[in-house]
Amino acid sequence: MKALERFLSKWLLPFAKVLESNTQMKAIRQGMMALVPITLVGAVPVLFQQLGGIPKLPSWIAAVAEYINNITSPIHFATFGLMSVYVAIFVAYYYAKERNLWDIGAIVTALMSFVVVAVRPLEAGGSDVTYLAGEGIFVALVISLLSVEILHIFKNKLKFTINLGQGVPTPILRSFENLWPILFSVLIVAILSFGVESLSGIRVVELIQTLFSPLTSLVNTLPGIMLIIFIQQLLWWFGIHGYSVMAPVWLSVAFQNVDANAAALAKGEPLSSMLIFTPDFMWSIVGVTGAGVTGALVVIMMFSKSKRYKTLGRLALIPTFFSINEPVMFGVPIVLNPRFFIPMMVAPQIAALIGWFSIKLGLMNPFTMVSPYVPVPIGAIVASFDWRYIIVLGLILICSALIYYPFFKIAEKEALVQENSGNQEASLDDFDF
């Protein structure tokens with residue numbers, strides 16, 4: 001274990017810390033997380049579409065659901081139909097914060113640049129807006145980061161601005177300061193797009209999709225998910241926020257998948273044709289009750305013979321329902337504790353296997369929306385429209401408890417020796433890691 005720790009500390013941790021602090025990665029992670037309210041609102045028309053199709057539903061309820069669906073159906077286009085637009089806006093906003101730029105100017109720049117690349121006029125009239133929906137998420141990520149970076153160069157490095165002096169209202173002052181940077185940013189993106197398409201004969205949106213296709217293919221497979229979970233948990237064990245490091249890798253694919261699932265559900269396509277990997281697969285299956293499925297450990301601790309662990313278990317119970325497990329991670333502790341290395345790594349992998357095959361075999365519905373931030377298990381039931389999630393959750397917690405139990409008994413035995421010896425001043429420094 002010490003040899004493994006030295007090896008990972010030398011080769012993995014420096015790279016992970018770079019990713020965690022990387023400004024582009026932070027902007028992507030924060031921008032994608034800001035999509036949650038959009039997906040929740042977008043679930044409203046899907047909900048009424050499904051309600052009207054329930055067998056043996058009283059005719060008056062079905063009629064009301066259909067009437068409400070006619071009113072709410074435009075919401076679907078306003079949310080899922082413009083998903084990539086929101087990605088461009090949110091990522092640009094957070095990247096502007098990292099680059100010390102005017103957030104409104106960055107949003108305008110990214111939005112215009114994205115539309116320039118993603119939208120094309122049709123010969124028959126109108127425009128092709130396909131990539132404004134979930135299909136264009138990767139395009140939105142690349143273009144928003146690129147355009148805001150160009151804006152940063154012109155505004156903060158080249159100082160290519162118009163200064164109106166003192167006494168000018170702030171909105172006008174900011175607008176003129178950013179006028180030339182915004183103009184040149186959009187022009188450069190347009191020129192690059194035209195050049196690439198002229199030389200390659202391929203639209204930029206299609207080229208970006210192709211470049212990201214290996215990542216999409218990897219994350220949508222069970223081995224790919226297991227690999228991501230392994231790295232994420234390994235980082236957690238070292239005390240690095242594994243989610244912060246790895247989320248930018250899979251969040252965009254997960255949101256693209258849930259957008260596709262929602263669209264398929266609205267069209268009445270079979271559940272078996274939908275994608276398994278979504279944000280809630282990672283939140284409500286792999287990371288339910290917190291990284292490492294530590295909710296199972298919390299329940300075990302509540303019945304511990306050790307006063308220390310029993311108290312900690314009771315204190316951590318309520319946060320566990322919101323998947324907040326820092327009290328357990330650093331209170332037990334699990335971080336850098338060899339006793340809990342194996343269960344910390346294995347429990348989420350088992351949870352992923354249970355969740356994957358439960359959905360694959362039709363034992364529960366795939367997730368067709370993103371769950372609201374509510375206690376376990378309410379959010380996942382809403383996101384899947386399936387109460388059977390409770391059964392899957394119970395199986396995950398039971399298996400995780402069986403994994404944690406023998407390792408916890410070792411830690412409990414040591415804690416009892418300490419308590420019985422009269423050492424009431426135990427701290428983390430007393431444990432030999």
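# Briefing: pocket, surface patch, backbone geometry and salt bridges

The largest pocket holds about 770 Å³ of space. The structure is a predicted model, and every value below is computed from its atoms. Beside the pocket, the briefing covers a nonpolar patch on the surface with about 630 Å² of accessible area together, two cis peptide bonds ahead of P333 and P377, positive phi values at V293 and F385, and a count of 8 salt bridges.

**Largest pocket**

- The lining of the largest pocket comprises 35 residues.
- Nearest the centre of this pocket lie W283, G287, F322, S323 and Y373.
- Two or more lining residues come from each of α12 (222–237), α13 (242–266), α14 (279–286) and α19 (378–384).
- Helix α14 makes the greatest contribution to the lining of the largest pocket, with 5 residues.

**Nonpolar surface patch**

- Seen on the surface, I153, L158, F160, W180, L183, L187 and I191 form a nonpolar patch.
- The accessible area of these patch residues together is about 630 Å².
- Helix α10, spanning residues 179–200, gives the most to the patch, with 4 residues.
- I153, one of the patch residues, is located in helix α8, which spans residues 137–157.
- The relative accessibility of I153 is 33%, and I153 therefore counts as partly exposed; patch residues must have over 30% relative accessible area.

**A buried serine in helix α10**

- Helix α10, the main contributor to the nonpolar patch, also contains S193.
- S193 has a relative accessibility of 4% and therefore counts as buried, because the cut-off for buried is under 20% relative accessible area.
- Leaving aside residues up to four places away in sequence, S193 touches V117, R120 and V204.

**Cis peptide bonds**

- V332 and P333 are joined by a cis peptide bond with omega of about -10°.
- P333 is placed in the loop between α17 (326–331) and α18 (341–360).
- A cis peptide bond also runs from V376 to P377, where omega is near 5°.
- P377 is placed in the loop between α18 and α19; α19 is also among the elements that give two or more residues to the lining of the largest pocket.

**Positive phi values outside glycine**

- V293 is not a glycine, yet its phi is positive, at about 50°.
- The position of V293 is in the loop between α14 and α15 (295–302).
- With a relative accessibility of 0%, V293 counts as buried.
- F385 likewise is not a glycine and has a positive phi, of about 55°.
- The loop between α19 and α20 (389–420) holds F385.
- F385 counts as partly exposed, at 31% relative accessibility, whereas V293 counts as buried.

**Salt bridges**

- The count of salt bridges comes to 8, among them K26 with E98, K97 with D103 and R339 with E414.
- In the pair of K26 and E98, the side chains meet at 3.6 Å, N to O.
- K26 belongs to helix α3 (residues 23–33) and E98 to helix α6 (residues 83–98), so this salt bridge ties together parts that are 72 residues apart in sequence.
- Both partners are partly exposed: K26 has a relative accessible area of 25%, and E98 has one of 28%.
- K97 and D103 form a salt bridge in which the closest N and O atoms are 3.5 Å apart.
- K97 counts as partly exposed, with 48% relative accessibility.
- The side chains of R339 and E414 meet in a salt bridge at 2.8 Å, N to O.
- R339 is in the loop between α17 and α18, while E414 is in helix α20, so the pair ties together parts that are 75 residues apart in sequence.
- R339 is buried, at 18% relative accessible area, whereas its partner E414 is partly exposed, at 31%.
- The loop between α17 and α18 that holds R339 is also the place of P333, the residue joined to V332 by a cis peptide bond.

Conventions. Residues are numbered from 1 along each chain as its sequence is written. This is a predicted model: local features need pLDDT of at least 70, side-chain atom pairs count only at pLDDT 80 or more; totals for chains, interfaces and linings use all residues. Side-chain values use heavy atoms; hydrogens and water are left out. Patches are made of residues with over 30% relative accessible area and no salt bridge: like charges are joined within 9 Å, nonpolar side chains (Val, Leu, Ile, Met, Phe, Trp, Tyr) within 5 Å. Accessible areas come from the Shrake-Rupley method with a 1.4 Å probe; for residues, only the protein chains shown count as cover. A salt bridge is a side-chain nitrogen of Lys or Arg within 4 Å of a carboxyl oxygen of Asp or Glu. Buried means under 20% relative accessible area, exposed over 50%, partly exposed in between (1.4 Å probe, protein chains only). Contact means heavy atoms within 4.5 Å. On a 1 Å grid over the protein atoms alone, a cavity is a set of points where a 1.4 Å probe fits but cannot get out, and a pocket is an open set with protein on both sides within 12 Å along at least five of seven lines; lining residues have an atom within 4 Å of a point. Grid points are joined across faces, edges and corners, and a volume is the space filled by probe spheres set on the points.
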